[in-house]
Amino acid sequence: MGTMEAEIGGGVVAVNPKPSKGFSSKAVDWLEKLLVKLMYDSSQPHHWLLGNFAPVDDETPPCTDLSVIGHLPECLNGEFVRVGPNPKFAPVAGYHWFDGDGMIHGLRIKDGKATYLSRYVKTSRLEQEEYFGGAKFMKIGDLKGFFGLVMVQMQMLRSKLKVLDLSYGQGTGNTALVYHHGKLLALSEGDKPYAIKVLEDGDLQTLGLMDYDKRLSHTFTAHPKIDPVTGEMFAFGYSQKPPFVTYRVISKEGVMNDPVPITIPESVMMHDFAITENYAIFMDLPLYFKPKEMVKEKKLIYIFDKTKKARFGILPRYAKNELQIKWFELPNCFIFHNANAWEEGDEVVLITCRLQNPNLDMVGDGAREKLDKDFSNELFEMRFNMETGLASQKKLSESAVDFPRVNEYYTGRKQRYVYATRLDSIAKVTGIVKFDLHAEPEVGKTNLEVGGNVQGIYDLGPGRFGSEAIFVPKVPGVDSEEDDGYLIFFTHDESTGKSSVTVIDAKTMSPDPVAVVPLPHRVPYGFHAFFVTEEQIQEQARF
C-alpha cells in the first residue's frame with residue numbers, strides 16, 4: 001500500500017507504512033556496515049547520548065497519586081507536556097540531538113493530584129525501525145563530510161528498493177507541541193504534524209499524521225502560532241527545493257487555506273516565525289543548506305555564513321500571494337526562537353532571542369561543554385518601519401537566554417513580560433529569567449542579574465538543570481494582570497539522578513517553589529513544552 005488513503009477524519013491520516021525485510025534489506029545493511037567501518041570514526045563520543053541527554057529505555061504508563069511538595073493550584077488542572085528526543089535504537093554512526101525519536105513526558109494534574117507518564121510519538125519512522133529492530137533512517141549527525149553524502153545515498157537506496165516506506169514522511173515529532181482544533185499536535189519541522197489525543201487519565205495516544213484533507217503536501221514548522229482572538233493557526237514549511245518557504249493559514253475549524261509560496265534566494269533553516277494582528281514575519285537568516293560545502297569542508301550540512309545580512313519579510317497575514325511582502329535587513333545573526341510580535345504605529349515590533357555565530361555542531365565532539373567564546377544568545381527588540389522601510393534593533397539582555405515564552409493570550413499583541421531560560425552550555429538550563437519590557441536594560445552588565453529589565457531570576461542551583469518554562473495564567477484571557485500566574489517546568493538533579501516538575505509564582509519569581517512533584521523516573525533533557533488545559537482535554541475527548 002504505502003499511500004495516504006486511510007483518513008481517520010478531521011484531516012488525520014492513519015500511519016501504515018509497508019517496509020520490507022527481504023534480501024534487499026540485508027544487502028543494504030551489509031553495505032552500510034562496511035562503509036561505516038571504513039569511513040566513520042567510531043571512537044568519537046556521542047555527546048548527545050551521555051548523562052541526562054541519554055534516552056530512557058521505555059515508555060511509562062500513567063503513575064498516579066504522586067507526592068506533591070507544596071500545592072498544585074486549581075488553574076493547573078490539565079496536563080503539562082514536554083517533548084524531546086529519545087532514540088529507541090542506538091545510531092549506526094553519527095547522532096545529533098535533533099535526531100532522536102519524539103517522546104512526550106506528561107504530568108496530568110487534577111484537583112491537586114498528579115500523574116506522570118511518557119509515550120513515544122508513534123511516527124512512521126519509529127514504526128519501521130521497530131519492525132526492523134534497529135536504526136535504519138539517515139540522521140542529521142551523519143551529514144558531515146563525504147560520509148554524509150554516502151549516508152544520503154544509503155537512505156535513497158533503501159527507499160528505491162522499498163526497504164523503507166517514505167510515503168508517510170520520515171520525521172521524529174520530537175521538537176514542539178501545540179493545541180489546535182481539538183487536537184494536540186507533535187511537531188518536527190521536517191515533516192507534517194502528528195495528532196495526539198490526551199485521555200482523561202493523562203495518557204497519550206498517537207492518532208496519525210495531519211494532512212488537512214490532503215491540502216498539506218509539504219513540511220510544517222515546529223512553531224506555528226495560534227491567534228488567541230480568532231482561533232486561527234498560522235504556519236509555514238521550508239524546503240531544500242523551490243519554493244523554499246510556503247505559508248499557510250488554518251481556520252479555527254481546522255480548514256487549511258491555499259499555499260502562499262515565499263521567494264527567498266537560497267534554502268535556509270527557518271525554525272520559527274511570528275505573527276501580529278495583521279502581519280506574518282518570516283526570517284531569511286544565513287544558516288544555509290550546503291551539501292557541496294558539507295563534502296568539501298567536512299562540515300555539518302547546515303553552514304552559517306557570517307558575511308550575510310539577516311533578512312526579515314513582513315507579509316499581510318491573509319495575503320493570497322507574496323506580492324505585498326516587505327523585506328528588511330539587519331546585521332548578521334541567527335534566530336531559533338521568537339517571544340512575540342506586535343504593531344506600534346507604523347512599526348512592527350519583534351521580541352526575539354538573537355544568536356551570534358551559531359554552530360549546530362558546536363557540542364558535537366563533547367569537548368566544548370561550555371559555550372564558545374564568540375557565541376552569544378541575547379534577548380533583542382527589533383523594529384521594522386512599514387512606511388520608511390528602515391529596521392533597527394536593541395539589545396535587551398546579556399548572554400545566554402533562549403526558549404522565550406509569554407502569556408499566550410497576548411500572542412500577536414503588545415505585552416510586557418517574557419520568561420526565558422538561562423543557559424550555561426548549548427543545552428543546559430540553569431534558571432528561568434523574567435524580563436520586563438517596560439523597563440530599560442541596566443548598562444554595564446556582563447552577566448544576567450536582577451535589576452533593570454530583569455525582574456527576577458529563578459536559579460535552579462548547583463548540578464540542577466531545567467527546561468522551557470510555560471506560563472499558566474490564574475485566570476484565562478487578558479482581563480487580569482499579565483503576569484498573574486505560574487511557571488511550570490521539568491528539572492533534573494545530576495547529583496542524585498532524580499527528576500521533578502517544579503511550579504513557581506510568575507509574579508514574584510520567589511525562590512520558594514509553589515509546588516515540586518518528584519517523578520518516578522528520570523526525564524532526559526528535551527525541547528519544547530505546552531500546557532493542555534482541562535477545557536481542552538474535555539473538548540478533544542469528543543474527537
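# Salt bridges, cysteines and a sheet

Biologist: In this predicted model, what is the relative accessible area of K445?
Modeller: K445 has a salt-bridge partner, E442, with N and O 2.4 Å apart. That partner counts as partly exposed at 38%. K445 is partly exposed too, and buried would need a value under 20%. For K445 the value is 22%.

Biologist: What is the mean pLDDT of the chain?
Modeller: Watch two stretches where pLDDT drops below 50: residues 1–5 and residues 364–371. Still, 95% of the residues reach 70 or more, and the chain mean is 94.

Biologist: Which residue forms a salt bridge with K136?
Modeller: Look across the chain, since K136 sits in the loop between α2 and α3 while its partner lies in helix α1, 107 residues apart. K136 is buried at 12%, whereas the partner counts as partly exposed at 24%. The closest N and O atoms are 2.7 Å apart, and the partner is D29.

Biologist: And K88, how many residues apart in sequence are the parts that its pair ties together?
Modeller: K88 meets E130, with the closest N and O atoms 2.8 Å apart. Both count as partly exposed, K88 at 35% and E130 at 32%. K88 lies in the loop between β5 and β6 and E130 in helix α2, so the parts tied together are separated in sequence by 42 residues.

Biologist: How many salt bridges does the structure hold?
Modeller: Some of them join up: D227, E232, E277, R317 and R413 are linked in a network. Over the structure, the number of salt bridges is 38.

Biologist: How many disulfides are there?
Modeller: Take C353, which is buried at 0% relative accessibility. Its closest cysteine sulfur, in C333, is 11 Å away, so that pair is too far apart for a bond. For the structure, the disulfide count is zero.

Biologist: Which strands stand at the edges of the open sheet β12-β13-β14-β15?
Modeller: The sheet has four strands in antiparallel pairing, in the order β12-β13-β14-β15. An edge strand has a single partner, so one of its sides is left without a neighbour in the sheet. That picks out β12 (225–226) and β15 (260–262).

Biologist: Which residue is the bridge partner of G237 in β14?
Modeller: Strand β13 covers residues 233–238 and β14 covers residues 245–250. The two pair in the antiparallel sense over six bridges. Across from G237, the partner is T246.

Terms used: Residues are numbered from 1 along each chain as its sequence is written. This is a predicted model: local features need pLDDT of at least 70, side-chain atom pairs count only at pLDDT 80 or more; totals for chains, interfaces and linings use all residues. Side-chain values use heavy atoms; hydrogens and water are left out. pLDDT is the predictor's confidence in each residue, from 0 to 100. Contact means heavy atoms within 4.5 Å. A disulfide is a pair of cysteine sulfur atoms within 2.5 Å. Buried means under 20% relative accessible area, exposed over 50%, partly exposed in between (1.4 Å probe, protein chains only). Two strands pair if DSSP finds at least two bridges between them. A salt bridge is a side-chain nitrogen of Lys or Arg within 4 Å of a carboxyl oxygen of Asp or Glu.
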